[in-house]
Amino acid sequence: MAQVKTLGEFIVEKQADFQYSKGELSRLLSDIGIAAKIVHREVNKAGIADILGETGDVNIQGENVKKLDVYANNQFIAALSVGGECCAIASEENEEIIIVDNSVSAAAKYVVALDPLDGSSNIDVNVSIGTIFSIYRRTSLSGPGTLEDFLQPGTEQVAAGYILYGSSTMMVYTTGKGVNGFTLDPSIGEFCLSHPNMQTPKKGKIYSINEGNYVHFPEGVKKFIKYCQEEDAATERPYSSRYIGSAVADFHRNLIKGGVFLYPTTSASPKGKLRLIYECNPMAFIIEQAGGKASTGSKRILEVVPTSLHQRSPLFIGSKDMVEKVEDLIAKHSIPAAKAAK
Ligand code: AHM
Ligand code: MG
């Protein structure tokens, strides 16, 4: 029987990749793995534990906060606060950054940005949801973490990953040396290496977009959707449309099978919907490490310099050929600034 490698064993083994590492990043990743198991347990008993549904509060994005969102947020913050490796946390659920206030955190090197439970509209209906995280080395020299520590372009990420609470629970992450996926074996309570060195197909055959917003999409995106639906034997079109409405789940499927996930600007959300720092950047880091591409439509996601914590961005992410096709069509059909101003 093949030897099972647990997440803990893998993290320790890979620590040697980082010269001068004192193990802080490894501990941070382990802490995230532990919080993920606790959230997994809660997600799985959500239907019977009376934690489904909305708390009635409205979060800083103006959306209703679901109970499991609050639970997951608390678990991740608690897990990241105890270890002393992280000096500040940014979460989709909190307007301001959370300063980790304990005796060792002022010396901590890292900050963590996360969306503790993404795809929250799917909680009530037993559909896959996820956690997304991104780890940066702080830029401030000492003392409490600062907002500026989070306003770094995605190229500066030290590690990033997600947990998918799906038909099984998986953790997928990168530290910039490839992408590895671990599946939780609930019988032993361990994440086990199940998807080593993940690579995404260069050409995909799936497009994932909320087509209900079609009339509000930029012209280039409309053209791309039509392109996906046309018949062409050489490129094996038409492509399949798949959309779960949980970014982690849609992303994960496309990562494995090949495809593109699109959340463009719309006339209602002119800056896009997804958040750059804790949704787009971590997935962009992973897809690039897996041989794919992530774009705002005209620029590499990882090179966008954030100016605010909860900044939104359009996102086109997945197989390289498909992302490049959307970029081409957007460029071709964008209205030149001078013409648009008339
Ligand atoms: P959330 O952070 O409030 O859960 O919103 C993010 C989610 C993504 O998971 C998903 O891709 C997108 O919103 C779906 O949005 P829409 O319902 O507009 O298609
Ligand atoms: Mg989210």
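## Loops, ligand shell and buried elements of the predicted model

Asn126 is located in the loop that joins strand S5 to strand S6 (129–137). The structure described here is a predicted model. In this model the phi angle of Asn126 is near 60°, a positive value in a residue other than glycine. Most residues other than glycine have a negative phi. Asn126 has a relative accessible area of 74%, and because exposed residues are those over 50%, Asn126 counts as exposed.

A positive phi is also found at Asn197, where the angle is near 45° and the residue is again not glycine. Asn197 belongs to the loop between strand S10 (190–195) and S11. Its relative accessibility is 51%, so Asn197 is classed as exposed.

A further backbone feature concerns a peptide bond. The bond from Arg237 to Pro238 is cis, with omega near 5°. Most peptide bonds are trans. Pro238 is part of the loop between H4 and strand S12 (240–241).

The protein chain as a whole contains eight helices and 15 strands. Of its 342 residues, 53% are buried. The accessible surface of the chain comes to about 15200 Å², and carbon and sulfur atoms account for 51% of this surface. Among contacts in the chain with a separation of 6 or more, 64% are between residues 24 or more positions apart.

The surroundings of ligand 1 comprise 16 residues, of which Asp118, Gly119, Tyr243, Ala247 and Tyr263 come nearest. Three side chains place an N or O atom at a short listed distance from an oxygen atom of the ligand. For Asp118 this distance is 2.4 Å. For Tyr243 the corresponding value is 2.5 Å, and for Asn210 the value is 2.8 Å. Ligand 1 on its own has 470 Å² of accessible area, and the protein covers 86% of that area. Two elements give two or more residues to the shell, namely strand S5 (110–118) and strand S13 (260–263). By class, six residues of the shell are charged, five are polar and five are nonpolar. Residues from domain 1 (7–195) and from domain 2 (206–340) both take part in the shell, and ligand 1 therefore lies between the two domains.

Strand S13 also appears in the surroundings of helix H4. In this helix, which spans residues 219–229, the buried residues are Gly220, Val221, Lys222, Phe224, Ile225, Tyr227 and Cys228. The cover over these buried residues includes S13, strand S11 (206–208), strand S15 (315–318) and helix H7 (320–333).

Within strand S11, Ser208 was examined as a single position. The relative accessibility of Ser208 is 0%, and because buried residues are those under 20%, Ser208 counts as buried. When neighbours within four places in sequence are left aside, Ser208 is in contact with Arg242, Tyr243, Asp250, Arg253, Asn254, Val260, Phe261 and Leu262. One of these residues, Tyr243, is also among the residues that come nearest to ligand 1.

Ser313 is a buried residue in a loop. The loop in question runs between strand S14 (293–295) and S15, and the relative accessible area of Ser313 is 5%, so the residue is classed as buried. Residues up to four places away in sequence not counted, Ser313 touches Tyr263, Lys271, Gly272, Lys273, Leu274, Leu276, Cys280, Thr296 and Ile301. Among these partners of Ser313 is Tyr263, which is likewise one of the residues nearest to ligand 1.

Ala72 is part of helix H3, which covers residues 67–82. The relative accessible area of Ala72 is 0%, so Ala72 is buried. Its contacts, apart from neighbours within four places in sequence, are with Val39, Pro116 and Leu117. Ala72 and Thr131 are separated by 59 residues in sequence, while the distance between their C-alpha atoms is 8.5 Å.

How values were computed:
Residues are numbered from 1 along each chain as its sequence is written. Chains are lettered from A and ligands numbered from 1 in the order in which they are written. This is a predicted model: local features need pLDDT of at least 70, side-chain atom pairs count only at pLDDT 80 or more; totals for chains, interfaces and linings use all residues. Side-chain values use heavy atoms; hydrogens and water are left out. A residue is near a molecule or strand if one of its heavy atoms lies within 4 Å of it. A polar contact is a pair of N or O atoms within 3.5 Å; within protein, one must be able to donate a hydrogen and the other to accept it, and residues adjacent in sequence count only if both atoms are side-chain atoms. Accessible areas come from the Shrake-Rupley method with a 1.4 Å probe; for residues, only the protein chains shown count as cover. Helices (H or I, at least four residues) and strands (E, at least two) are DSSP runs, numbered from the N terminus. Ala, Val, Leu, Ile, Met, Phe, Trp, Tyr, Cys and Pro count as nonpolar, Asp, Glu, Lys and Arg as charged, and the others, Gly among them, as polar. Domain bounds come from an automatic or database domain assignment. Buried means under 20% relative accessible area, exposed over 50%, partly exposed in between (1.4 Å probe, protein chains only). Contact means heavy atoms within 4.5 Å.
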